[in-house]
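Subject: Structure handover

Hello,

I am passing this structure on to you, with notes on what turned up in it. Please look through the sequence and the model before reading on.

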Amino acid sequence: ATGSFSLGAPGVGAGVIGVASYNNVATTQLAFSISDDGRKMGFNQAGGSPLAPLGGTTALARTGSAASVADGCNTTRPLPAEIAGKIALIRRGTCPFYEKARNAELAGAVGVVIYNNVAGPAQNITVAVPAPPPADPVGPVGIPVVSISQDDGLLIDSRLAAGGVNLTWGAGTVTAPSATGDLISTFSSYGLAPTLDLKPDVGAPGGPIFSTYPLENGADATLSGTSMSAPHVAGAVALMLQANPALKPLEIRDRLQNHADPKAWNGNPTLGFLDVVGRQGAGMIDVDDTINATVGVTPAKLPLGE
């Protein structure tokens with residue numbers, strides 16, 4: 001969400017620890033490899049499609065180019081005949097992911113790889129049938145759909161322009177440093193609370209996080225959201241209570257805020273400004289400092305209203 005006062009319940013509750021999301025310092029993803037050098041590429045599984053296979057090799061084919069603005073969309077049908085029986089490489093942009101994936105499936109593709117049209121990976125995409133369902137194309141997506149970064153997509157595109165490329169599933173995982181690590185995630189909501197209380201209270205890693213996932217959806221996945229940063233804080237609270245079971249909820253919040261580490265403004269971290277309190281609260285939680293501290297300040301925040 002963007003704009004002030006975009007926080008929602010329950011994070012704005014007076015007795016609640018409201019949690020902002022910071023980007024992870026590294027990204028871990030499931031991977032496939034491509035010919036001819038076996039280069040591994042991290043991918044995110046798209047929601048609403050069958051899971052990517054655990055193994056097997058299939059040829060790739062382009063549906064457009066690195067300059068496409070409506071690659072795979074209804075406006076570009078019919079798609080190239082050569083994608084039949086192959087995995088379609090499709091550039092993000094212009095129309096919904098569902099439309100791109102379903103069009104590729106109807107043209108005979110056995111899988112889809114969608115690459116980002118801006119720097120970085122394309123995260124948390126879905127190809128589920130929209131509501132209300134469109135008249136054209138129709139039906140759920142029945143082939144695996146994954147998303148990859150712009151750089152990886154451009155590399156595949158350039159290799160396809162020069163000749164054939166095969167994709168092999170089940171290449172393990174890849175981990176790469178994140179250029180936006182330790183900065184507030186773009187999706188993290190702004191405070192204050194509607195009551196003018198200072199919210200969020202603290203922040204924790206929330207994007208992108210490689211973690212467990214329902215078994216029927218693949219057992220593990222890389223996802224982003226305060227749905228990841230809030231459990232980080234819950235885990236920190238469990239450690240605090242293990243060290244001191246007598247702590248009360250608001251004492252826990254005070255201690256987390258006392259010893260949190262404010263981070264740089266995500267708009268331009270090189271300027272040396274800290275991100276605003278209404279975006280990151282007291283800062284990134286620091287679990288060991290919080291548990292080992294012998295001095296604290298209460299109240300940990302001073303919401304002065306108007």
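The notes below go from the whole chain to single residues.

Please keep in mind that this is a predicted model.

**The chain as a whole**

The chain has 306 residues, of which 40% count as buried. Six helices and twelve strands were assigned in it. The C-alpha trace spans about 70 × 40 × 40 Å along its principal axes. About 14,600 Å² of the chain is exposed, and carbon and sulfur atoms supply 59% of that area.

On charge, there are 17 positive and 23 negative side chains. The centres of these two sets lie 3 Å apart.

Among contacts with a separation of 6 or more, 77% are between residues 24 or more positions apart. Several of the pairs described further down are of this kind, including Thr 27 and Pro 208, which are 181 residues apart along the chain.

**Helix H1 and its surroundings**

Helix H1 covers residues 97-106 and is mostly covered, with eight of its ten residues buried. The buried ones are Phe 97, Tyr 98, Glu 99, Lys 100, Ala 101, Arg 102, Asn 103 and Ala 104. That list includes the charged residues Glu 99, Lys 100 and Arg 102.

What do the buried residues of H1 pack against? Three strands: E5 (87-91), E6 (111-115) and E7 (145-148). Just after the helix, Gly 108 takes a positive phi of about 105 degrees.

**The disulfide**

The model holds one disulfide. It is formed by Cys 73 and Cys 95, with their sulfur atoms 2.1 Å apart. The pair links distant parts of the chain, 22 residues apart. Cys 73 sits in the loop between strand E4 (57-62) and E5, while Cys 95 sits in the loop between E5 and H1. Strand E5 is also one of the strands that the buried residues of H1 pack against.

Is this disulfide left-handed or right-handed? The torsion about the S-S bond of Cys 73 and Cys 95 is about -90 degrees, so the disulfide is left-handed. Both Cys 73 and Cys 95 are buried.

**Strand E2 and its partners**

Strand E2 (residues 26-34) is paired with three other strands, and the pairings are as follows.

- With E9 (residues 173-177), E2 runs antiparallel and is joined by five bridges. Thr 27 has Ala 176 of E9 as its bridge partner.
- With E3 (residues 39-45), E2 is again antiparallel, and five bridges join the two. Here the partner of Ser 33 is Lys 40.
- With E8 (residues 166-168), E2 is antiparallel and joined by two bridges. Ser 33 stands opposite Thr 168 in E8.

Ser 33 therefore has a bridge partner in E3 and another in E8, given that bridges are what define these strand pairings. E2 and E3 form a hairpin with four residues between the strands, where Gly 38 takes a positive phi near 70 degrees.

**Three single residues**

Thr 27 belongs to strand E2. Its relative accessible area is 14%, and since buried means under 20%, Thr 27 counts as buried. Leaving out residues up to four places away in sequence, Thr 27 touches Val 174, Thr 175, Ala 176, Ser 178, Pro 208 and Thr 222. Ala 176 in this list is also the bridge partner of Thr 27 in E9. The C-alpha atoms of Thr 27 and Pro 208 are separated by 6.2 Å.

Ser 224 lies in the loop between strand E12 (220-223) and helix H3 (226-243). With a relative accessibility of 14%, Ser 224 falls under the 20% limit, so this residue counts as buried. Neighbours within four places in sequence aside, Ser 224 is in contact with Gln 123, Asn 124, Phe 187, Gly 206, Gly 207 and Pro 208. Pro 208 thus appears in the contact lists of both Thr 27 and Ser 224.

Is Val 295 buried or exposed? At 61% relative accessibility, which is over the 50% limit, Val 295 counts as exposed. This residue is in the segment after helix H6 (287-292). Val 295 and Arg 255 are 40 residues apart in sequence, and their C-alpha atoms are 9.4 Å apart in space.

Regards

Key:
Residues are numbered from 1 along each chain as its sequence is written. This is a predicted model: local features need pLDDT of at least 70, side-chain atom pairs count only at pLDDT 80 or more; totals for chains, interfaces and linings use all residues. Side-chain values use heavy atoms; hydrogens and water are left out. Buried means under 20% relative accessible area, exposed over 50%, partly exposed in between (1.4 Å probe, protein chains only). Contact means heavy atoms within 4.5 Å. Accessible areas come from the Shrake-Rupley method with a 1.4 Å probe; for residues, only the protein chains shown count as cover. The place of a charge is taken as NZ of Lys, CZ of Arg, CG of Asp or CD of Glu. A disulfide is a pair of cysteine sulfur atoms within 2.5 Å.
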